[in-house]
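Visitor: Could you take me through this structure with a few questions and answers?

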Amino acid sequence: IVLIIFQLFTGLLLSKYFDFTNLKPTLYNGIKPILMGSLGVISFPLAETVVFIFAFPPFSKEESPYKVFSLGIIIGGLIIFFSSLMDILVLGSDGSLRTYYPTYTAAGLISIGGLFERIEVVSATIFIISIFLKVCILLLSACKGVTKLFDFKDYKFSVFPLSLLVLSWSYISFSNIAEYHAWVNKVFTYYATFFEIIVPLISLI
């Protein structure tokens, strides 16, 4: 809810910087880049919602998991769409591609009479909190997955060793942010699709 309110508030303050000519030319390189971009959005972050299967207990008979899932996907998709559209309208497509965090860069442009500015600090804070919550949910899901795999009764004993493994892996997996983003853009979409879509579908069947 805080993220949605902040996005709307930021979009309202940035509206004076919107340049709708940044949306042209539409489909300049054809439909293929859009399809590839859509696949990237599906793998990260929409398909990552599969981890909630492990993180939370089963639904009661009164609750509809399909309704909850669909609503979450729609809200998440709208947030991504609105954020991407705002970045392109303010920075342009080239400007958005040149920066690692375009929303942060766009928010840095906000200045009202010299009194209200540096709102990108709020953007960074929300981003850090969101990433922290995401890592917690992923870690919880991994711990519960290990517990199921080895038929243990409680997952809590696995939290500490798995946390150390995650921490160690974060140091040795990529040497810098550019290497990480190159891997995300070229490899992650295909790598994640297997675990997020194909494996759950096979399990469901």
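Guide: Contact here means heavy atoms within 4.5 Å. The model is predicted, so local features need pLDDT of at least 70 and side-chain atom pairs count only at pLDDT 80 or more, while totals for chains, interfaces and linings use all residues. Residues are numbered from 1 along each chain as its sequence is written, and side-chain values use heavy atoms, with hydrogens and water left out.

Visitor: Which element gives the most to the largest nonpolar core?

Guide: A nonpolar core is a set of buried Ala, Val, Leu, Ile, Met, Phe, Trp, Tyr and Cys residues joined through side-chain atoms within 4.5 Å, where buried means under 20% relative accessible area with a 1.4 Å probe, protein chains only. The largest one has 10 residues, among them Phe 6, Met 86 and Ile 110. Two or more residues come from each of helix H1 (2-14), helix H4 (65-98) and helix H5 (102-107), helices being DSSP runs of H or I with at least four residues, numbered from the N terminus. The element that gives the most, with 3 residues, is H1.

Visitor: Which residues does Met 86 touch, not counting those up to four places away in sequence?

Guide: Met 86 is one of the buried residues of H4, and what covers those buried residues includes H1 and H5. With that sequence limit, Met 86 touches Gln 7, Thr 10, Gly 11, Leu 14, Phe 18 and Thr 103.

Visitor: Where is the kink in H4 centred?

Guide: A straight helix of 34 residues would span 50 Å, at 1.5 Å times one less than its number of residues, yet H4 spans only 39 Å between its end C-alpha atoms. The bend at a residue is the angle between axes fitted to the seven residues ending there and the seven starting there. The kink in H4, of about 105°, is centred on Leu 91.

Methods. Buried < 20%, exposed > 50% of the residue type's maximum accessible area, 1.4 Å probe, protein only.
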